[in-house]
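Welcome, and thank you for opening this structure in your viewer. Please keep the selection tool at hand, and we will walk through the model stop by stop.

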Amino acid sequence: MSKSNVMYILIWLLALATGCGKGNGGNNDIPQMTFDDVQVNEGNSGTSQVAIKLVLNRTSSKEISVRYSTIEGTAKAGEDFTAVQGQLVTFQPNEKEKTVHIQIIADEFREADETFQVKFDNPSNVFLLKGTATVTIKNDDTKVPFSNTGYEAQTNYPGYTLVWSDEFNGTELDNSNWTAETGDGCPNLCGWGNNELQYYMPPPNNVFFQDGKMIIEARAETYGGKNYTSTRIKTQGKRFFKFGRVDIRAILPKGKGIWPAFWMLPQDNVFGGWPGSGEIDIMELIGSEPSKAHATVHFGPGPGSINISRTHTLSGGATYNDAFHVFSMEWEEDTLRFYVDDILYSTVTKADLGSNTYPFNESFYFLINLAVGGNWPGAPDANTTFPQWLIVDYIRIYQK
């Protein structure tokens, strides 16, 4: 119950106990006004109205009035509803019901359910049993808002041949390429080794296809003891490679606690379990720093990893959420080179690992996931909106 609602009830009880609160006419038994929270479907275009019914417990011989105003929540004025400020509602003598209408602004884009409040105050000749009504705008759309603008990789490279790609032009995940990992990593690797907060769902939950793109969706919803759901897919045992050039075109999500990644693990743990056989992170981003993409390699004898990590930061205030970018890796014997939009920003060689075993001359498979929370990004905060989307146009690998 909100503070304003508690306040109105306390005033009412105090008035009954003391004989005060006689209203404008000295009548100790003035009417009480009630109203309910309401829900409305957003719609796809134009505007509609949501109705809040104000009901008196009895009629009165006096004129009754109350004012109302809208208060933004996750729903925003001008985008999701039309703001109202200090609007007057009047009950004539012997009237018992009135209806307040708020205009809802529709769109065609997928989003979370959103809320705002309608606050009622300045009552005249009436007691308000609560102060606000919560309006929930229910999402009824399926389309994710994005355009195809951004960087585009070339389709051939001198000396290389395309050996595998997934262009994500279908309507479901291609099981000949991908396997979904589900759950929270327990019992063997709870929190997936990073204290992550999401539960990975099996397809088609949290992964869908639109306009030739694969979209992984992170949602704020409770499942499997977790408060968030998402998707993690891998090509283990189906598509694995040693050496080549990798191109992945994507729009990345943003917001504190959001953690997308394109990465690789060894098909065969030739040098033992993690991190001895290596891990290659082609791209990671923490959503609180949406302009920074990271490329990292993990290695070492364990139990913790040694890593070499470098960052590419977009200029001019741009973020990886604004448009498509291409995250690439050139992978040769004893050398890894990492690119964003064909700009080289990290090179790792066998010599960089010093006396440690260099595990990156073996076969590796791909993983794509969208994590929520974890040791590195931390938990989402009040400014993190959901759902969040990792939008992948394609993954391609070329070899000599």
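How many bridges join β14 to strand β27 (residues 388-399)? Select both strands: 5 bridges join them, and the two run antiparallel. Strands here are DSSP runs (E, at least two residues) and helices are runs of H or I of at least four residues, numbered from the N terminus. Two strands count as paired if DSSP finds at least two bridges between them.

Before going further, a word on what you are looking at. This is a predicted model, in which local features need pLDDT of at least 70 and side-chain atom pairs count only at pLDDT 80 or more, while totals for chains, interfaces and linings use all residues. Residues are numbered from 1 along each chain as its sequence is written, and side-chain values use heavy atoms, with hydrogens and water left out.

**Stop 1: the whole protein**

Zoom out and show the cartoon. The protein has 1 helix and 27 strands. Its radius of gyration is 28 Å, well over the 21 Å that the globule rule gives for 400 residues, so the protein is more spread out than a compact globule. That radius is taken over C-alpha atoms, and the rule is 2.2 Å times the number of residues to the power 0.38. Turn the model and you can follow a C-alpha trace that spans about 90 × 40 × 40 Å along its principal axes.

Of the 400 residues, 49% are buried. Buried means under 20% relative accessible area, exposed means over 50%, and partly exposed lies in between (1.4 Å probe, protein chains only). Contacts (heavy atoms within 4.5 Å) often link distant parts of the sequence: among those with a separation of 6 or more, 72% are between residues 24 or more positions apart.

**Stop 2: strand β14 and its partners**

Select residues 213-218, which make up β14. All 6 of its 6 residues are buried. Show the side chains: Lys213, Ile215 and Glu217 point one way, Met214, Ile216 and Ala218 the other way, and all are buried.

Next add β13 (residues 207-210), which pairs with β14 in the antiparallel sense over 4 bridges. Here valine 207 stands opposite isoleucine 216. The two strands form a hairpin with 2 residues between them, and aspartate 211 in the turn has a positive phi of about 55 degrees.

On β27, find isoleucine 391, which stands opposite isoleucine 215 of β14. Now look at the loop between β26 (364-372) and β27, where proline 387 is found. The peptide bond from phenylalanine 386 to proline 387 is cis, with omega near 0 degrees.

**Stop 3: strand β21**

Select residues 292-299. In this strand, β21, 7 of the 8 residues are buried, so the strand is largely enclosed by the rest of the structure. β20 (residues 279-284) pairs with β21 in the antiparallel sense over 4 bridges, and glutamate 284 has histidine 294 as its bridge partner.

β22 also pairs with β21 in the antiparallel sense, over 8 bridges. One place to look is valine 297, whose bridge partner in β22 is isoleucine 308. The hairpin of β21 and β22 has 6 residues between the strands, and glycine 300 in it takes a positive phi near 115 degrees.

Move on to threonine 319, in the loop between β22 (306-313) and β23 (325-332). Is threonine 319 buried or exposed? At 10% relative accessibility, threonine 319 counts as buried. Leaving out residues up to four places away in sequence, threonine 319 touches Pro290, Ser291, Leu314 and His325.

**Stop 4: an open sheet**

Select β6, β3, β1 and β8. These 4 strands form an open sheet in that order, with mixed pairing. β6 (97-105) and β8 (127-128) stand at the edges with a single partner strand each, so one side of each is left without a neighbour in the sheet. β1 (residues 32-34) and β8 pair in the parallel sense over 2 bridges, with leucine 128 as the bridge partner of methionine 33.

In β6, click on isoleucine 102. This residue is buried, with a relative accessible area of 0%. Among its contacts beyond four places in sequence are Val50, Tyr68, Val84 and Phe116. As a last step, draw a line from isoleucine 102 to serine 277: the two are 60 Å apart in space, C-alpha to C-alpha, and 175 residues apart in sequence.
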